[in-house]
Amino acid sequence: MYDRVKSTLLWLLRVPPEPHDPMGDVHSLRVFRAAPGYLRYITLAWALSEIGILLGGLLVFIPLAIAAATGLAVILTTTLGLVAAVIFLGQAGLTFFSLRLNYEMRWYKVTDRSLRIRAGVWNVHEMTMTFANVQNITISQGPLERLFGISDVKVDTAGGGGGSGSHGKGEGPNLHVATFRGVDNPEEIRDLMLKRLRRLRDAGLGDLDDARALRRAPVYAPALGSSETLQLLAAFRDEARALRRAVEAVFSR
């Protein structure tokens with residue numbers, strides 16, 4: 001039943017079951033998913049929220065029920081309570097279904113050159129970053145996340161990352177931070193990306209497309225230490241000396 005409703009909703013929302021692979025060698029692709037502990041973590045947050053809504057409703061309904069003195073007031077209060085209970089149960093079921101679906105549709109993909117993260121169903125947020133633009137990779141874990149055995153891996157880029165929400169608004173306002181949220185193998189993910197990042201930078205390639213463009217571009221300046229550079233510097237020196245002599249001659253008159 002759940003799988004049928006899930007597939008129908010994804011079809012109606014035009015959400016692909018899986019994002020496309022990011023740029024890079026297809027054989028280097030690694031796919032990571034949010035851990036089961038992350039589902040328990042967000043389910044706890046959902047349950048606390050629903051308990052708060054229920055307690056708030058009871059604080060409103062109980063005084064009304066106590067104040068209902070006549071038969072008509074009792075009937076109206078009971079009807080109002082039943083309607084509120086149906087609405088509460090309906091929204092609780094819908095929000096839990098959305099929570100579960102958001103967990104299942106969270107994707108983290110990494111190749112030898114880039115990464116892609118997608119999350120969300122109603123509002124899909126998809127972000128792609130190339131390793132040439134990555135500045136920092138960190139692991140964060142709060143006390144409650146530690147209890148559930150999960151962490152977040154954050155990848156920062158200084159003005160070079162790209163994000164795209166192809167189906168709605170982004171999950172977060174910062175398009176230069178990609179987060180592998182709720183994973184139980186953060187060190188493996190971090191070390192994998194650092195290894196591939198070092199491999200690119202040690203090879204002196206950075207972004208391979210940029211490297212090819214640079215190799216095709218003409219060279220306008222001679223290399224430091226070449227004979228052309230020395231001749232150019234000597235010409236600048238002679239011109240500076242001539243200019244100084246001319247200025248001294250003017251002021252000596």
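Me: How many of the seven residues of S6 are buried?
Reply: Keep in mind that this is a predicted model. Buried here means under 20% relative accessible area. S6 is largely enclosed by the rest of the structure, because the buried residues among its seven number five.

Me: What is the order of the strands in the open sheet?
Reply: Start from the edges: S5 (134-140) and S8 (177-183) each pair on one side only. S6 (residues 151-157) pairs with S5 over six bridges, and S6 also pairs with S8 over five bridges. Both pairings are antiparallel. That gives the order S5-S6-S8.

Me: Which residue in S6 is the bridge partner of Asn136?
Reply: S5 covers 134-140, so to speak the edge where Asn136 sits. Along the pairing of S5 and S6, Ile139 stands opposite Val153. For Asn136, the bridge partner in S6 is Asp156.

Me: And in S8, which residue is the bridge partner of Val155?
Reply: Now we're looking at S6 and S8, which pair in the antiparallel sense over five bridges. In S8, the partner of Val155 is Ala178.

Me: Which helix packs on that sheet?
Reply: Neighbouring strands of the sheet are turned by 15° against each other on average, direction ignored. The helix in question touches S5, S6 and S8, and its direction makes about 165° with that of S5. It spans residues 186-202 and goes by the name H5.

Me: Which residue in the turn between S3 and S4 has a positive phi?
Reply: S3 (residues 114-119) and S4 run antiparallel, joined by six bridges. One bridge pairs Arg118 with Glu126 in S4. The two strands form a hairpin with five residues between them, and the turn residue with a positive phi of about 100° is Gly120.

Me: Why is S4 described as largely enclosed by the rest of the structure?
Reply: S4 takes in residues 125-130, six in total. It is largely enclosed because the number of those residues that are buried is five.

Me: Which helix gives the largest share of the lining of the largest pocket?
Reply: The pocket holds about 260 Å³ of space. Two elements give two or more residues to its lining, helix H2 (36-67) and helix H3 (71-104). The largest share is seven residues, and it comes from H2.

Me: How many charged residues are in the lining of the largest pocket?
Reply: Residues such as Ile53, Leu58, Phe61 and Phe88 are among those lining the pocket. The lining divides into 10 nonpolar and two polar residues, and the charged ones come to none, as the split lists no charged.

Terms used. Residues numbered from 1 in each chain as written. Predicted model: local features only at pLDDT ≥ 70, side-chain atom pairs only at ≥ 80, totals over all residues. Heavy atoms only, no water. Pairing = 2+ DSSP bridges. Helix = DSSP H or I, 4+ residues; strand = E, 2+ residues; numbered from the N terminus. Axes fitted to C-alpha atoms, helices over the stretch in contact; angles between N-to-C directions. Contact = heavy atoms within 4.5 Å. 1 Å grid on protein atoms, 1.4 Å probe; cavity = no way out; pocket = protein on both sides within 12 Å on 5 of 7 lines; lining within 4 Å. Points joined across faces, edges and corners; volume = space filled by probe spheres on them. Nonpolar A, V, L, I, M, F, W, Y, C, P; charged D, E, K, R; others polar. Buried < 20%, exposed > 50% of the residue type's maximum accessible area, 1.4 Å probe, protein only.
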